[in-house]
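Consider how the helices of this protein pack and where open space is left between its parts. The paragraphs below take up the pocket and then the helix pairs.

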Amino acid sequence: LEVFGAHCLKIADKGGRLIPFEMNRAQRYLHQRLERQIKETGKVRAIVLKGRQQGVSTYSAARYYHRTPMGFGKRTLIVAHQAKSTSSLFDMVKLMHRESPLPISTANSNATELVFDKLNSKYALATAGSDDVGRGMTAHFGHLSEYAFWKDGQRHMAGLGETFPDMPGTEIIIESTANGIGNAFHQLWQDAEAGKNDYEAIFIPWYWQSEYRALLKEGFAKTAEEVEIVAAYGLDDEQLQWRRNKISSYGDGYEHLFRQEYPLCPSESFVTSTSNPLINPSHVMAAVNSDYAEMNAPLVIGCDPAGDGVNDADRTAIAFRRGRVLFRLEYHQGLNTMQIAGKLAGYFEEFKPDGLVIDKGGLGAGIYDRLLELNVPVIGINSATAAN
């Protein structure tokens, strides 16, 4: 794709100039993740959370224009939340086709289809607002854009479920900026992060864009919040100035909209004007990126038990921590209370931790009691109560 894009594809840059398609950092990262998923699973199922104008739609158009007319019987479907958005995405594809040096035959093409007649391949587009989106057709490649803004996204996705066969070689890219919490995109993203579906969660931060910088204003000095951001993400002063300028353009009281459309990390994307997170996302990233490692600190094993049978979709989590370093995290599915207790007792014997902590709320109470019965000095907490 990189070679094909540089020599055969033209795109319009943000200034309207026609230039060869050469991947930026965000596009290259996305490409690497998708190619790795193909090697591992034989197909692509990706949900992409990103900031504004980072080239994900352009990449998707280039990827599928590379695949669709280069194979026999390939079908690509583009779906966006509004007709004008779908048309805009399709215009990118038609521009690539019009400017391509390769003589690819087309016939019966119109405003909603680009048909490669001699290959029996085609592009089609649809709008998520229609009741029958995707029904009655089969597609191998799907670009579903701005899914967070689809009305009744779950229903439309159900309709698209049979459009894309679950077989090797098929691809679906769902991409969007965030649009609050609780909608179809937010739920799908959470499930992908938790490993509950076959979609790979891919996050692309705004500061990867080389153009998102601004000249420093006189007297520039970092605020306390910006010091934390630098520690967490490594932004330089020109990126901080761009961020200031952009937030200022939103107006007082609307900084949450900037965080939603230009997130630093996934959790920041899904903020609202009333959000008051227990732990600041920047503090978390600063801890993750720090060099602070107390591998000689006391070993603590913690357990959050869940599930009570082989068909339970919830998972038991067991974490191993020394100081501020969480160096091992396990998930176990379908274990009953006695199995969880047995596993923890085995870990206590094997690792001899300085502390074994379990959430004894709900079914954890039985595990806690069983460990005491086995003479394992476990510490029980109830996560539903306030911290001391």
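The model is predicted. In the lining of its largest pocket, eleven residues are nonpolar, 15 are polar and eleven are charged. That lining is made up of 37 residues, and those nearest the centre of the pocket are Lys14, Gln53, Gln54, Gly55 and Thr58. The space inside comes to about 1000 Å³. Two strands and three helices each give two or more residues to the lining: β1 (10-12), β2 (18-20), α2 (25-41), α3 and α4. Which of these elements gives the most? Helix α4 does, with six residues.

Two of the elements that line the pocket, α3 and α4, also pack against each other. Two packed helices are described by the angle between their axes and the distance between the axes. Helix α3 covers residues 56-67 and helix α4 residues 83-99; their axes come within 10 Å and cross at roughly 50 degrees. An angle from 35 to 65 degrees is neither roughly parallel nor roughly perpendicular, so the pair counts as oblique, and α3 and α4 are therefore oblique to each other. The crossing of α3 past α4 is right-handed. On the α3 side the contact is made by Ser57, Thr58, Ala61, Ala62 and Tyr65, and on the α4 side by Leu89, Met92, Val93, Met96 and His97. Of these residues seven are nonpolar, three are polar and none is charged. Thr58 thus appears twice in this account: it is among the residues nearest the centre of the largest pocket, and it is one of the α3 residues that meet α4.

Further along the chain, helix α7 (residues 224-233) packs on helix α8 (residues 237-250) at an angle of about 130 degrees, and the two axes are 11 Å apart. This pair, too, is therefore oblique, and its crossing is right-handed. Glu225, Glu226, Ile229 and Val230 of α7 are in contact with Leu240, Arg243 and Arg244 of α8. What classes of residue make up this contact? Three are nonpolar, none is polar and four are charged.

The last pair is helix α12 (residues 337-351) with helix α13 (residues 364-373), where the angle is about 45 degrees and the axes are 9 Å apart. That angle makes α12 oblique to α13. Helix α12 passes α13 in a right-handed crossing. From α12 the contact takes in Thr337, Met338, Ile340, Ala341, Leu344 and Ala345, and from α13 Ile367, Arg370 and Leu371. By class, this contact holds seven nonpolar residues, one polar residue and one charged residue.

Key
Residues numbered from 1 in each chain as written. Predicted model: local features only at pLDDT ≥ 70, side-chain atom pairs only at ≥ 80, totals over all residues. Heavy atoms only, no water. Axes fitted to C-alpha atoms, helices over the stretch in contact; angles between N-to-C directions. Helix = DSSP H or I, 4+ residues; strand = E, 2+ residues; numbered from the N terminus. Parallel < 35°, antiparallel > 145°, perpendicular 65-115°, else oblique. Left-handed = near helix turned anticlockwise from the far one by under 90°. Contact = heavy atoms within 4.5 Å. Nonpolar A, V, L, I, M, F, W, Y, C, P; charged D, E, K, R; others polar. 1 Å grid on protein atoms, 1.4 Å probe; cavity = no way out; pocket = protein on both sides within 12 Å on 5 of 7 lines; lining within 4 Å. Points joined across faces, edges and corners; volume = space filled by probe spheres on them.
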